[in-house]
Amino acid sequence: MSLYRTSVNKPVTVALIFITVAILGVFSLMRLSTNLFPDMGENTIIVVTSYSGASAADIETNVTKPLENSLNSVSNLKHMSTTSKENISVISLEFEYGIDIAEATNDVRDKLDIATQALPDAVSTPTIFKFSMEDMPIMLMSATAEESLNGLDKILDDKVATPLARVNGVGTISVSGAPKREIQVYVDPDKLSAYGITVESISSTLAYENRNTPAGTIDIGSNTYSVRVEKEFKSAEEMLNVIVGSYNNAPIYLKDVATVNDGEQERLQKVFSNGQQGAMLTIQKQTDANTVQVVKGIKKELKKIQKDLPSDVQLNIIIDGSINIIDTINSLKDTIMITFLVVMAVVFIFLGRWRATVIIVLSIPISLVASVIYLFATGNTLNIISMSALTIAIGMVVDDAIVVLENIASHIDKGAKPKEAAVHATQEVSISVIASTLTMLAVFLPLTMVDGIIGIFFKQLGWIVSIIMIVSTSAALTLVPMMCSKMLKQNPRSHRWHKILFTPINKALDGLSKGYGHVIAWAVTHRKSVVFIALAIFVATIALTIPNMKTEYLPSMDQGRLSISIELPVGTGENVTGQLAKELHDKYKAEIPEIKMLNYSYGVADEDNAFASMNNNGTHIISMNADLGRKSERNRSTQQIAEYIREDLKGNPIIKKYNVGTGMGMGGAATVKLEIYGYDFTTSDRIANALREDLVNTPQFSQVIVSRDEYTPEYYVDFDREKLKLNGIDITTASTMVRNRINGSVMTFFREDGDEYNIRVRYAPEFRQGIDDIENIILYGSQGQSIRVKDVAKVVEGMTPPKIERKDRERVVTITGILATGYALSEGVEVAQEFIEKAEIPTEFMVKIGGDYENQQDSFSGLFLLLVLIIILVYVVMASQFESLLDPFVIMFSVPFAITGVLIGLAVHDMALGVMAMIGILILVGIVVKNGIVLIDYAILCHDRGMDINTAVITASRQRLRPILMTTLTTVLGMVPMAIGTGEGAEMWNGLGITVAWGLSISTLITLILIPTLYAAFVSRRERRHARKAVKLNDEN
Amino acid sequence: MTGIFIAYNQAYYTEIIELLEKNYSKGFTRWNEISGRGSRGGEPHMGSHTWPTFNDAILTFVEDEFVDSILNDLHELDTKTEELGLRAFSWKIDKTI
């Protein structure tokens, strides 16, 4: 028994199978988590090696280069960038996306094992870190306090950070800006020298005096007692009475030479949120955790936490990484809903029967939820790519069902019983339904085989659409006939309103197909003109659009947040920086009403704050975070606001360098990176600065940054070894002494309530304020004699060379230009290329354009190759379906006009051709040939039934206009919500929607006329040739 | 006895079986999915791309008194849904075992 008869005869089984699929799908959907992009995994490994005391250049030659040489052979390596700075070499290995990072890590470790043997002895063992986009903070929170400000650090640590860290998926929580308690022992150097006491001796005395010691146990009678000495300091004041030395047999107490201040650390990153000082919590998630779920967990926990906090401590969210994701996915959900309704409306209008409409649109949810099962089973998420795939598919899934249902309906109209009609009609069209699905699979399955970042993106798209196609075809061949046999009726009664509604529609459609028939009748008799016009349209579009064609990589998304970093000249004091930060804050708050939350910080980050110390920080650096809220709630885009701020910062003379970022990772602003390769510092600096000047003054760029820092001023204490030796000390001892006096010596801790606080002994602040103070620092020789620094050293102001950056084993300086609003990547690249050509670049230097441009080139060439492969596959599938080489060749003429449509669409919307549009073109190849198949298939049928080719083509065109319009409209209108969507994140998929909608519309319009004409032309030529051959044969006989 | 050969569009199958049963004729022999075309017009049933439909054929031997009624019913079925295609032929049977 055939599949179709089985499904018609066993309605319960068929219905239950699809219901089961639906239930599993809904189950998966409920458990599916959401994210912005597919999981990209880790693709960067960072190797950190320290070699203390070595300068940047030493590090480069002795550590970085040998390691680079050996790491270069690691497989799948895309780029290797290194930074050599004082004491440290950082090598960052960038791999292709989608590789097994664990394997790469092992490979790196093996290579390092070999390389480390050749490194200098004092070099530490290299440390390996894995890094990915996922390590970006998911949430920034501010904590403000009034009375509790002093204890804020402890409150945040105990009551906020600790419970939050227990939330599932939370990785690291770093607190910055909370004043950290420290016991400062400020000594007076003059008094110390008078009594002959050193900072070191005070520090070690305090350490010896501050001790609890278990002294063992004793047995007294039948009991055992433990003996303890408990002499740790109970309070800071207690320390004042510690005897730190003696002078003329009189004890010298600490209070005689120093003051003790139970306060906070001197150098501290100060954090202000909406103008109020407080602390900032940076929350990172575990690599494989889901942002939305983690943030949800955090928020739930926060509600509980807020209750336990002192009433003046306020926690506010500065940046919530989940909002953008949730909004984006919601706007895609809306798009899917609208698309579904549009498709349903089209089907209803064309068929005019609600039962038929129900049967057809039922295949949409079933196939969509089936693909959700795939997402769930493979651990994927609902993200931009998977949701776009669902939207694309909606318009296409109904095609198969429509073909089957139309044929069943026509059998019923001829008089067959619905049950028999369902079986036989389905059987008749099954081959062509399967073939058209195969053409779609020929497009979408190759998408699953791409590698690199594009592969990660489009693997899901490929699988989802393929699965949807397969499920919808199965539904069309089983569920649809089964439901038709139950629901469709012979001679359905039509209501009065039905007539009122559908008579004009039917009349219009009939008129349309009649008119179209006339056009085709004209076209087949004026073949040359038709071909000429089509060719002219094609050439004209190419000629008009290609020269002005803009290209881009990925669209930048409006994420509603800004991260600004501002650098003042090195050495700018904290007070100046703070003043400027406050001014900027007040200004932006007043001038930019979109800002919901503005937070800024400046100063040196605490060493144990991993995240803050990884970022650039210092007394001269301000970093700001702004939350601009939802896109729908403001008039200006994040980009525009960023440009406003850039313009403002540009005009500020005391700002040396600034960076206004509009988002992190994927979907951030498009950048053009110029990489200047070459060894000599001065020459590369010259080239870099010249190019920077050029780029800054073009409208295409709103911000240009050179990666290499300038030489930074510093004070050197230049000891004279001989003089030191004469005093019996060496460089290490002398430098440690200098450090202990300025930075302080920490040898013991003050313990209270289970927490430890540093006890830091150092010169009082007033004794370390200028070069004189450094020169007057007193050191002690081996005999205890006091020496001033100026006697054994010179304090000179010098310049520290910048860190040395290398990429792919050569020194590099990178100029990063952020494109201004309205300019596409290609425009920026064009300008940059002009400047590079004009620039005087010595032969040993090379300037390369990298960044987004490199990625764009990589993905375009990959996608182009894929396009060729897809075209061949589609041709193969069609050729085997028609068992002819000519027919599919004619149909393939729809493809160039799809490209015409795309070009027109992009020009009309003033959009750049990016990866999304390229994907659209790939998809179009599969979709546009479908119309050709439907048309030519019927023309062949009519011709075989005895019509001459012209009549056959005209009849086929008239007959098939309705189904072609219907399937085209479902797909095009299904794409419109994607193309014109303005919701959160819509920038990302607009390009895809526009490409498919325009490409399919234009291609359909042209191919509806061109394809039948061409087919008629080819067939009549073939027939004339056959006829001539037959005549020739007859003559020979 | 009379033999009746019915060639019909396969969509008629259930209706013809019902029709025969109604006319007290139970036995039949059927050929499934066969091709054929008529001489008086109507669409051929070739199961090909051009003519996708198939025919079935039934050969049945019935008592003489039911023949007219069967043929009448078949004719009525055919005229009701002419586009599907249905033909029947009958002839006398000499002997049977």
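# Exercises on a predicted two-chain model

In this predicted model, helix α11 (residues 321–351) of chain A packs against helix α13 (residues 384–414) of chain A at an angle of about 0°, and their axes are 10 Å apart.

**Exercise 1.** Determine how α11(A) and α13(A) are oriented to each other, and describe the residues of their contact.

*Solution.* Two packed helices are described by the angle between their axes and the distance between the axes. The angle here is about 0°, and angles under 35 degrees count as roughly parallel. The helices α11(A) and α13(A) are therefore roughly parallel to each other. On the α11(A) side, the residues that meet α13(A) include Leu332(A), Ile336(A), Phe340(A) and Val343(A). On the α13(A) side, Met387(A), Leu390(A), Ile394(A) and Gly395(A) are among them. The contact comprises 11 nonpolar residues and 5 polar ones, with no charged residue.

**Exercise 2.** Identify the edge strands of the open sheet of 4 strands in chain A, and state what joins β7 to β24.

*Solution.* The strand order is β12-β7-β24-β23 (chain A), and the pairing is mixed. In chain A, β12 (258–264) and β23 (745–752) stand at the edges; each has a single partner strand, so one side of each is left without a neighbour in the sheet. From one strand to the next, the twist averages 25°. Strands β7 (residues 181–187) and β24 (residues 755–763) of chain A run parallel and are joined by 5 bridges. Opposite Gln184(A) stands Arg760(A) in β24(A). Finally, helix α7 (residues 199–209) of chain A lies across β7, β23 and β24 of chain A, and runs at about 30° to β23(A).

**Exercise 3.** Describe the fold pattern of chain B and compare its radius of gyration with that of a compact globule.

*Solution.* Chain B contains 2 helices and 4 strands, which follow the pattern β-α-β-β-α-β along the sequence. For 97 residues, a compact globule would have a radius of gyration near 13 Å; the value for chain B is 13 Å, which agrees. Along the principal axes, the C-alpha atoms of chain B fill a box of roughly 40 × 30 × 25 Å. Buried residues account for 26% of the 97 residues in chain B. Of the contacts in chain B between residues at least 6 apart in sequence, 72% join residues at least 24 apart.

**Exercise 4.** State how many residues each chain gives to the contact between chains A and B, and classify those of chain B.

*Solution.* Chain B provides 13 residues and chain A provides 12 residues. Within chain B, helix α1 (residues 13–22) gives the most to the side that touches chain A, with 3 residues. That side of chain B divides into 4 nonpolar, 6 polar and 3 charged residues.

Technical notes
Residues are numbered from 1 along each chain as its sequence is written. Chains are lettered from A and ligands numbered from 1 in the order in which they are written. This is a predicted model: local features need pLDDT of at least 70, side-chain atom pairs count only at pLDDT 80 or more; totals for chains, interfaces and linings use all residues. Two residues are in contact if their C-beta atoms, placed from the backbone, lie within 7 Å. Ala, Val, Leu, Ile, Met, Phe, Trp, Tyr, Cys and Pro count as nonpolar, Asp, Glu, Lys and Arg as charged, and the others, Gly among them, as polar. The radius of gyration is taken over C-alpha atoms; the globule rule is 2.2 Å times the number of residues to the power 0.38. A residue is buried if 20 or more other C-beta atoms lie within 10 Å of its own, exposed if 12 or fewer, and partly exposed in between; C-beta atoms are placed from the backbone. Axes are lines fitted to C-alpha atoms, for helices over the stretch in contact, and angles run from 0 to 180 degrees between N-to-C directions. Angles under 35 degrees count as roughly parallel, over 145 as roughly antiparallel, 65 to 115 as roughly perpendicular and the rest as oblique. Two strands pair if DSSP finds at least two bridges between them.
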